[in-house]
Amino acid sequence: MPGFEVFGAEERKQVNDVLETGVLMRYGFDGMRNNHWKAKEFEVAFAERMQSAHCQLVSSGTSALTIALAAAGIGAGDEVIMPTFTFVASFESIMMLGAVPVLVDIDDTLTLDPAAVEAAITSKTTCVMPVHMCGSMADLDALQAICDKHDLLLLEDACQAIGGSYNGKPLGSYGDLGCFSFDYVKTITCGEGGGIITNSEKYKLNADHYQDHGHDHVGKDRGAETHPFLGYNFRISELNAAVGLAQLDKLDGILKTQQRNYTIMREALSEIEGVTFRRVPEGGVENYSFVNFFLPTQELAEKAHKALSANGVDACFYWFKNNWHYIHGWEHLRNLKSLGNLSAEIKAQMQDLNNTDFSKSDAWMGRTVSSLVKIGWSEAQVRDRAQSMASVLKDIL
Ligand SMILES: *Cc1c(COP(=O)(O)O)cnc(C)c1O
């Protein structure tokens, strides 16, 4: 998955364009910038690649999620449904606005279980936030139908699945809004960065203003601009945007290499009795950033993960016992350990996460092992790796 593996002359050239003028900011300084508008250029190219009308580039994937929610008018007390398996950014971005994360089970897609989503809807629910974890997607048709029925926003977190698709549409472009991360370990990177895509002119304008202190970006004098509503600073710098431009050119090549490497590993694992794979919803195409598989039991999955590592197979993950990606590891969230006071709405409405039954999620996550798909591996290296993985797993099963 990591785009940093292919960092090279193209990224240096883009960054040098910016360094030569010294205009490190994305707005203003028209006379000095020698016509370099890296952030703007990225937004146009990314919107086109994602078959969406608009893109807003920002400082991180987490801020992209916060801005997307804010752009759609979500605030204190609004409930946002999110999965138990994701990254901490999901609840961080929601709680930042005083809104309330509602955690629900995942299914064998390792993403939101549509039945669990429907069961969690209350009069305060405003948004469903599926997270396309580890390269594959949620059942977006089912979620869209639920959102239509209850008049809810569908916000896709596509941070880990850039380049995948569903019913022929790029992941992130299916819902009302889609978010991406360009942090250093994502499929393409800006160093740090994030993006929001949408077909809504209104959400785009709201996002544009909100991420820059409410600036309306009308005219040529920043100081004279007006601020139709309160905002914040989630801007990206031109240097980071420049890196992203070079990486974006490499996206399709990265996806191709990922697919090749994924396929070699998947074919080797398919031969093993007892190994099954995460379900990809009908109409979905993964971005091939991870191979995700199930062992028959939690005990065997834990054993497999340890044995893979002991036998030199690196970059395998057992998310069930991970501090950052699964509800079990979020002791700080479960106990609402916050530096300052949380909003009254969060305190009043938050689930008692220490006593919520997530046994359905546990049943899938406990059995899941994932292998990262690196782009730097040669075909011969992946074949070696696939053989090592297969022999370790056969020994265990
Ligand atoms: C990386 C990631 C984010 C947050 O991105 P940052 O740019 O690191 O803030 C959000 N959601 C998911 C699923 C991610 O993997």
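1. A polar contact is a pair of N or O atoms within 3.5 Å; within protein, one must be able to donate a hydrogen and the other to accept it, and residues adjacent in sequence count only if both atoms are side-chain atoms. In this predicted model, local features need pLDDT of at least 70 and side-chain atom pairs count only at pLDDT 80 or more, while totals for chains, interfaces and linings use all residues. Residues are numbered from 1 along each chain as its sequence is written, and side-chain values use heavy atoms, with hydrogens and water left out.

2. Three side chains make such contacts with oxygen atoms of the ligand: a polar atom of Asp 183 lies 2.6 Å from one, an N or O atom of Thr 62 is 2.5 Å from one, and a polar atom of Gln 160 lies 2.9 Å from one. On its own the ligand has 380 Å² of accessible area (Shrake-Rupley method, 1.4 Å probe), and the protein covers 93% of it.

3. The ligand is surrounded by 14 residues, a residue being near if one of its heavy atoms lies within 4 Å. Gly 61, Thr 62, Ser 181, Asp 183 and Lys 186 are the closest. The shell divides into five nonpolar, six polar and three charged residues, where Asp, Glu, Lys and Arg count as charged, Ala, Val, Leu, Ile, Met, Phe, Trp, Tyr, Cys and Pro as nonpolar, and the others, Gly among them, as polar.

4. Two packed helices are described by the angle between their axes and the distance between the axes. Helices here are DSSP runs (H or I, at least four residues), numbered from the N terminus, and axes are lines fitted to C-alpha atoms over the stretch in contact, with angles from 0 to 180 degrees between N-to-C directions.

5. Helix α2 (residues 38-49) and helix α8 (residues 238-270) have axes that come within 8 Å and cross at roughly 25°, which makes α2 roughly parallel to α8, since angles under 35 degrees count as roughly parallel.

6. For helix α3 (residues 61-71) and helix α7 (residues 201-210), the axes come within 8 Å and cross at roughly 125°.

Definitions and conventions: Helices (H or I, at least four residues) and strands (E, at least two) are DSSP runs, numbered from the N terminus. Angles under 35 degrees count as roughly parallel, over 145 as roughly antiparallel, 65 to 115 as roughly perpendicular and the rest as oblique.
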